[in-house]
Amino acid sequence: MDPITNPYAPGAGQRPPELAGRDEQLRTFDVVLERIARGRSERSIVLTGLRGVGKTVLLNALRSSAVRANWGTGKFEARPDQRLRRPLAAAAHQAVRELGHPRGDEVDQVLGIIKAFALREAPSGAKLRDRWQPGIDVPATTGRADSGDIEIDLVELFTDIGGLAADVGKGVAFFIDEMQDLDPDDVSALCAACHEISQSGLPVIVVGAGLPHLPAVLSASKSYSERLFRYSRIDRLPRDSADRALVGPAAEEGCEFTPEALDEMYAVTAGYPYFIQAYGKVVWDVAPSSPVTAQDIRVAVPEAEAELAVGFFGSRFERATPAEREYLRAMADAALVGASGTGADGDGAGVAEPAGTAEGDPAAYVRDGVTEREAVPTSAVAEVLARKPQSLSPARDALIKKGLIYSGERGLIAFTVPHFGRYLRTQS
């Protein structure tokens, strides 16, 4: 079919033409906005999930909802090598500008506080050329959000921004992507600020998105974090939503899928939103005409998987050292349950519904007649490598820092990317 009219859009954080399966989160957020606008107390929000499930897309959609509600918004992506002050100050500057407060002197007062908050990033005594200038054309305000203690300063910053928003009957929302990469001190300060704001009733919320272990990161910082945030697990799409993500955009271009084609697509994508877009794009290009058939899907699968192997999977694998790659391959083998040998290929396309959770075992999925666990014990990885678990700690910790694996609970590890284990086994 015509590649120019191809409706599918795989990309990092790129909104698909049909945002299927996220209606509940969007409705819940609209309720949160309305409650806060009416002076009701609400918790900040944390979205968690694997890579490729659409967290960033949903985060952007929630921000759009806040903009439509005339809120001030700011968004940034956390990075392991960057502290909180600079990106948050830039987000706060944008949020204050979006509020449209009529009193210029009060706006300038808050902008001066934001500037003072940002300038404290530079160490004491730093030369002017080493100080980051936030691009705010008002003098920095002294004595507010500039103590150098990030927890004190963030509470004061949120309080003053919240007061400005309350003056005009609006709110401010900060959207933080890759939230698990924040520095531990910054996580602690953010929790403290959210706690203070929720108690004071000011209209400021934080909406964060991150990997599945983000709740553990927050809990390690502040013991009350489990009560501070509303947690929402963003997972793969159920069958009806996955079908809608495919059929809706195609129908607008006058194309249909046969029921057998939809069965085949769900088998290869397992309902992961990124895979739906990636496979859908290739299927559209190779299918000769409408309706798309199961045979069209089978023809397209090798090309789609080759593209994923280079970009989605390969780019991540290349970041690992040889020792770390050995650990990743051992994880892939240890995840197999009931396979004939640890090095099973598992290279078929079939992916079925979750096989259920056995008592004392993490969730498992059936692929090609072989059950694969989502998470594996670190002891099982050591067993595959015939090594002591302690000797593998450096590789495991490095992979966690690189965002390739995560530990949702003690003694268990899992890939942050769906189907990564299968990719590794096909590359062996």
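This is a chat about the helices, sheet and cysteines of one predicted model.

Biologist: Before we start, what kind of model is this and how are residues numbered?

Modeller: It's a predicted model, where local features need pLDDT of at least 70, side-chain atom pairs count only at pLDDT 80 or more, and totals for chains, interfaces and linings use all residues. Residues are numbered from 1 along each chain as its sequence is written, and side-chain values use heavy atoms, with hydrogens and water left out.

Biologist: OK, how many helices and strands are there?

Modeller: The protein has 16 helices and 12 strands. Those are DSSP runs numbered from the N terminus: helices are H or I with at least four residues, strands are E with at least two.

Biologist: And how much of the protein is buried?

Modeller: Buried residues are 52% of the 428. Buried means under 20% relative accessible area, exposed is over 50%, and partly exposed is in between (1.4 Å probe, protein chains only).

Biologist: Tell me about the open sheet. What's the strand order?

Modeller: The order is 2-3-4-1-5, with parallel pairing across the 5 strands. Two strands pair if DSSP finds at least two bridges between them. Strand 2 (72-77) and strand 5 (229-233) are at the edges with a single partner strand each, so one side of each has no neighbour in the sheet.

Biologist: What joins strand 5 to strand 1?

Modeller: There are 5 bridges between strand 5 and strand 1 (residues 44-48), and the two run parallel. Threonine 48 stands opposite arginine 233 in strand 5.

Biologist: Which strands does helix 6 lie across?

Modeller: Helix 6 (residues 184-200) lies across strand 1, strand 3, strand 4 (204-210) and strand 5, at about 145° to strand 4. Angles run from 0 to 180 degrees between N-to-C directions, with axes as lines fitted to C-alpha atoms, for helices over the stretch in contact. Contact here means heavy atoms within 4.5 Å.

Biologist: How far does helix 6 reach?

Modeller: Its 17 residues span 25 Å from first C-alpha to last, close to the 24 Å expected at 1.5 Å a residue. That expected span is 1.5 Å times one less than the number of residues.

Biologist: What's at its two ends?

Modeller: At the start of helix 6, a side-chain oxygen of aspartate 183 comes to within 2.9 Å of the backbone nitrogen of aspartate 185. After helix 6 comes glycine 201, with a positive phi near 75°.

Biologist: I'm also curious about cysteines. How many disulfides turn up?

Modeller: The search of the whole structure gives 0 disulfides, a disulfide being a pair of cysteine sulfur atoms within 2.5 Å. For cysteine 191, the nearest cysteine sulfur is that of cysteine 194, 6.7 Å away.

Biologist: Is cysteine 191 buried or exposed?

Modeller: Buried, with a relative accessible area of 1%. Cysteine 255 counts as buried too, at 4%.

Biologist: New topic: where does glutamate 324 sit?

Modeller: Glutamate 324 is in helix 13 (residues 322-334). With 6% relative accessibility, glutamate 324 counts as buried.

Biologist: What does its side chain reach?

Modeller: The glutamate 324 side chain reaches the backbone nitrogen of threonine 321 at 2.9 Å. That's a polar contact: N or O atoms within 3.5 Å, where within protein one must be able to donate a hydrogen and the other to accept it, and residues adjacent in sequence count only if both atoms are side-chain atoms. Leaving out residues up to four places away in sequence, glutamate 324 touches Arg319, Ala395, Ala398, Leu399 and Lys402.
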